[in-house]
Amino acid sequence: MKKTILLVLLTMFIAGAAFAQKDTTKHVKRDPLAFLTGNGVYNRDSTWHCGGFIGLTVSQTALYQWSPGGTNSFSLLGVVSAYANYKKKNLEWCTNLDMKYGLGATGLLRNGEAKTNLQKNIDVLQLSTNVGYQIKKELYASLKASFLSQFSPTYDPSQVDTTNGRYRKYVVSKFAAPAIITIGAGLTYKPKDWFTLFFSPIEGKITYVSPPGKDTTGQYLGPQYLTNQYFAGVDPTRYGLTAGTNVMAQLGAELDILFQKNIVKNVNWKSHLNVFESYANNNYNTIMPYFYATQDSMGTKVISKKTQYIPTVTWDNDIVFKINKILSATLSARFVYQYNATTPVDKTHNNTGAKGADGLTDLDKNGVTITTYNKLQIFEQFGIGLAMKF
């Protein structure tokens, strides 16, 4: 199943690249800070080329005394994608910054005890840089590093602490929880400016989850699983770490493919595929949440240590349809697969509609026991809004 998912992703990516054979980007010398529509900014000798995209997408549904029924909804997505590339003789240095922040609400924006019904649906802060020395026409010996995290805390509104009149939300993630840092040496294949393939046979990867803070008595909260500490800190098992640990160190191989090009007139597609396979893994979590249907209870299940070798896949896509100078339609999609990362499950039984005592689903519609891991994670949003290329 995992190899099939990876094969499908790679096939779709290669097919898209094959579809866009013709490179229409013109590289010319420009004055410093001279903005060009969609072609970036060059310095006088063209050693530096900088550019990017900024977009804001908003969608809304508002109902008032609407007889057929329905629910109000609101969503907002901000995207910033920027690059700075340096090339002189055999040396090339490429840096990319990608930021996404989205909010969504169904029903009223203000919702009683929760104060607001707005919830984050995506929050990405990613910086990567690649320094390469040309050894053949389209081949570079490279060193690549990257940092991935998010801007602000994300909460699970279904889990709150209201004791003594307070309102504490369960923290799912926040800045540096997790933070993923990678560094590796390898080869970069760059036949065109719009296509880059990097492969590293030996790469280090660190996943860090910042520890929880202190309780009301000034004591650091302990490493208990799914207990009081996670109203102040983040559960590391959500991101593949053993409970009670904060760092997972891995040594493995990475495949990183970046494609960005106008595939047809006024339609630009940026696609970034990253695959990492671990050779060795420290603090890899093998104790996963599991619902036992026969006992109608939530417990844990031990998975094989060998699952650490199943590749982790991340695939980001942004397709921008230009309408005029400031308006555009944007389709954003993000796919993530990590075998032992904890994912949400349904809140009600798909057959009976009943909600269990633990608030989790016991069986799916086919009568199969639900697990909270080994799932493909998908984010997708489409909307019309403001956009600017620089």
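**View 1. A nonpolar patch sits on the surface of this predicted model.** The patch is built from L56, V58, I323, I326, L327, I384 and L386, and together they offer about 610 Å² of accessible area. Patch members have over 30% relative accessible area and no salt bridge, with like charges joined within 9 Å and nonpolar side chains (Val, Leu, Ile, Met, Phe, Trp, Tyr) within 5 Å. Areas come from the Shrake-Rupley method with a 1.4 Å probe, and for residues only the protein chains shown count as cover. Two or more residues each come from β2 (48-61) and β17 (376-389); strands (E, at least two residues) are DSSP runs numbered from the N terminus. I323 is found in the loop between β15 (312-322) and β16 (327-337).

**View 2. E92 pairs up with K190 in a salt bridge.** That term means a side-chain nitrogen of Lys or Arg within 4 Å of a carboxyl oxygen of Asp or Glu, and the whole structure has seven. Here the closest N and O atoms are 3.4 Å apart. E92 lies in β4 (91-106) and K190 in β9 (179-192), 98 residues apart. Both are buried (under 20% relative accessible area, 1.4 Å probe, protein chains only).

**View 3. D318 meets K100 in a salt bridge.** The N to O distance is 3.2 Å. The pair links β15 and β4, 218 residues apart, and both residues are buried.

**View 4. K144 and D256 form a salt bridge.** Their closest N and O atoms are 4.0 Å apart. K144 belongs to β6 (139-149) and D256 to β11 (247-264), 112 residues apart. Both are buried, and shared partners join K144, E254 and D256 into one network.

Residues are numbered from 1 along each chain as its sequence is written, and side-chain values use heavy atoms, leaving out hydrogens and water. In this predicted model, local features need pLDDT of at least 70 and side-chain atom pairs count only at pLDDT 80 or more, while totals for chains, interfaces and linings use all residues.

Methods
Helices (H or I, at least four residues) and strands (E, at least two) are DSSP runs, numbered from the N terminus. Buried means under 20% relative accessible area, exposed over 50%, partly exposed in between (1.4 Å probe, protein chains only).
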